[in-house]
Amino acid sequence: MSSKKGYSSQSEKATAERSEQHGTGHYKTLVEQFYEALLLLKALSGLRDGYNGFPVSKNLEKERLRSFLRGLAYFCDFKKGGDTYTGIGLEETETEYIFWVTSNKHRPDLADFLKDLLSRLKQLKDAPEGSKGRLRRSLQAMCFSKAGKRIGMYQAHLTKSIAEAQGILAKPKTQHDRELSSWMSGLNKADMTYVELCDSIFTASKENHILRLLRSRAKFERSLENIRGKRNAFDEVRHYIGRLASHTRTLNQLCDYVEDPLIEEIIRAPVVRQIDPLEQAAEPTYDIHTKLKGLLVGIKDDAERRQVESRLDGLDRQCEIFDDISNQYNNFKPRVHAEVQILEHFYRKNLRFANDDKFVGGSKPSCECCYLYFKYHPARMVLPESSHKVFINWSLPPVTNPQSGDAEFIQQRKILSKMVNVLVYDAISEILGCRTAPCWRPDSLTDLSSTIASSPLMEPDGVAGPS
Ligand SMILES: [Zn+2]
């Protein structure tokens, strides 16, 4: 995957030299290093340290609007997985507000769904007090039925986790175990509709006493396993309670936010437009036999480079890490993630974000590459909530004219160079054992598994958080 130096002809050599002169050769090397570091991090822990929580603002109006956009994006993302990840950017012009929406994979029905959602929220706002309950229930039924596959999957996981946890508690020794076992039995009833299920789990998610018992039982089980980060049945129960409760909590928030004067004004006559997805930038060709040599290029210290090489060989003998990387590469389909599409759409067209808040509402926390792209982009965006998960199917946005004098190209090269520094540093640190691989953490919006990820910033969305 490193740049080839064995040129087969004079013309190839001349082209390569020109590329180097124009900075395109350097760019190509950067792209190779970028994907090498990504593939390696994915094969190692798949995560970077830390968790960036939802960006709070001192300005409550801004924060409510951010949260509103995030809630809309949440209900536009109907399924588990990355394809339906949705991003929303709100533009403010002299005369109107425009919701720009897109997802990781193009979905032709996305804008229509968002229009319907906004129109129902406006109806709810305008309705007389006596009709609000009916309209709210209808809105909830629409959103939850659309998210049916996701809710059904969480329900199945919750049922399985509760059965496992009950198995562990089969012979309860303490009063707390009995209390916990009886509480879990009442959580999930097969004949519930999705609305009833999420509402009842939401109510249960506010029972702090019992959730403390659940958390402490999960901690106890982890201590028996003595493996950092490994999840047990009690962790899973907490996790899926959080997932299911978040549907009702997010809907409640959306319904409350329409009473906010700014949001009321925004949804009065909203325009919704879908962004045409950006094509992926060219991907590098990967040659497994180079054994990540591009990654090693950046290590100036000879001794350290030899150490990294030797550790890589050791890892390969131990767990066939190069085969793993090679397999990942065979399914390599990079694409421009939704939040990056929104960022670039606003930046390239010089659009003004509503409330002058350069924020993109995402349906889930952003991945590591999107986070770094936002961080190093000159647009000075609000940094997104991020799980710092590494996904290899991430592409830079394409540059129209990838030549040395092109301002857009130079800018992208600068961003990429900074991203590569971070990713390569982390990959090498992990190889050399200079950091402990971070624990598992979820990539969904709201979650109760924060004790495992040691991420207090996630807690406000969890059981004990505001409803
Ligand atoms: Zn991403």
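**Entry 1: Asp356**

I started at Asp356, which is found in the loop between helix 15 and strand 4 (361-362). I am working from a predicted model. I looked up the backbone angle and found phi of Asp356 near 50 degrees, a positive value in a residue other than glycine. For context I noted that most residues other than glycine have a negative phi. I then asked myself whether Asp356 is buried or exposed. Asp356 is exposed, because it has 8 other C-beta atoms within 10 Å, and the cut-off for exposed is 12 or fewer.

**Entry 2: His388**

I turned to another positive phi. His388 is not a glycine, yet its phi is about 60 degrees. I placed His388 in the loop between helix 16 and helix 17. His388 counts as buried because it has 22 C-beta neighbours inside 10 Å; the threshold for buried is 20 or more.

**Entry 3: the whole chain**

I stepped back to the chain as a whole. I listed 18 helices and four strands. Of the 467 residues, 40% count as buried. I also looked at how contacts are spread along the sequence. Among those between residues at least 6 apart, 74% join residues at least 24 apart.

**Entry 4: confidence**

I checked pLDDT before going further. The chain average is 82, and 81% of the residues score at least 70. Over residues 445-467 the pLDDT is below 50, although the model gives this stretch 60 contacts beyond near neighbours in sequence. Residues 14-22 also stay under 50, and for them the model has eight contacts beyond four places in sequence. I keep in mind that where pLDDT is low, the predicted coordinates should not be read in detail.

**Entry 5: helix 16**

I went back to helix 16 (residues 368-376), the helix before the His388 loop. How many of its nine residues are buried? I found seven, so I wrote helix 16 down as mostly covered. The buried ones are Glu368, Cys369, Cys370, Tyr371, Leu372, Tyr373 and Phe374. I looked for what covers them and noted that the cover includes helix 15 (338-348) and helix 17 (407-431).

**Entry 6: helix 4 and helix 5**

Next I looked at helix packing. The axes of helix 4 (residues 110-126) and helix 5 (residues 129-146) come within 9 Å and cross at roughly 165 degrees. Helix 4 is therefore roughly antiparallel to helix 5, as the angle is over 145 degrees. I recorded the crossing of helix 4 past helix 5 as left-handed. From helix 4 the contact uses Arg120, Gln123 and Leu124, and from helix 5 it uses Lys132, Leu135, Arg136 and Leu139. I sorted the residues of this contact by class and got three nonpolar, one polar and three charged.

**Entry 7: helix 5 and helix 8**

I stayed with helix 5 and looked up its packing against helix 8 (residues 194-204). The angle is about 100 degrees, with the axes 9 Å apart. That angle makes helix 5 roughly perpendicular to helix 8. On the helix 5 side I found Gln140, Ala141, Phe144 and Ser145, and on the helix 8 side Tyr194, Val195 and Cys198. The residues in this contact of helix 5 with helix 8 are five nonpolar and two polar, with no charged residue.

**Entry 8: helix 3 and helix 10**

How do helix 3 (residues 60-76) and helix 10 (residues 233-257) cross? Their axes come within 9 Å, at an angle of roughly 130 degrees. Helix 3 is therefore oblique to helix 10. I noted this crossing as left-handed. Arg64, Ser67, Phe68, Gly71 and Tyr74 of helix 3 meet Thr250, Gln253, Leu254 and Tyr257 of helix 10. By class, I have four nonpolar, four polar and one charged residue for the contact of helix 3 with helix 10.

**Entry 9: Glu309**

My last look-up was Glu309, found in helix 13 (residues 302-319). Glu309 counts as partly exposed because it has 17 C-beta neighbours inside 10 Å, a number between the limits of 12 for exposed and 20 for buried. I also noted the separation of the C-alpha atoms of Glu309 and Leu296, which is 8.0 Å. These two residues are 13 residues apart along the chain.

Key
Residues are numbered from 1 along each chain as its sequence is written. This is a predicted model: local features need pLDDT of at least 70, side-chain atom pairs count only at pLDDT 80 or more; totals for chains, interfaces and linings use all residues. pLDDT is the predictor's confidence in each residue, from 0 to 100. Two residues are in contact if their C-beta atoms, placed from the backbone, lie within 7 Å. Axes are lines fitted to C-alpha atoms, for helices over the stretch in contact, and angles run from 0 to 180 degrees between N-to-C directions. Helices (H or I, at least four residues) and strands (E, at least two) are DSSP runs, numbered from the N terminus. Angles under 35 degrees count as roughly parallel, over 145 as roughly antiparallel, 65 to 115 as roughly perpendicular and the rest as oblique. A crossing is left-handed if the near helix is turned anticlockwise from the far one by less than a right angle, and right-handed if clockwise. Ala, Val, Leu, Ile, Met, Phe, Trp, Tyr, Cys and Pro count as nonpolar, Asp, Glu, Lys and Arg as charged, and the others, Gly among them, as polar.
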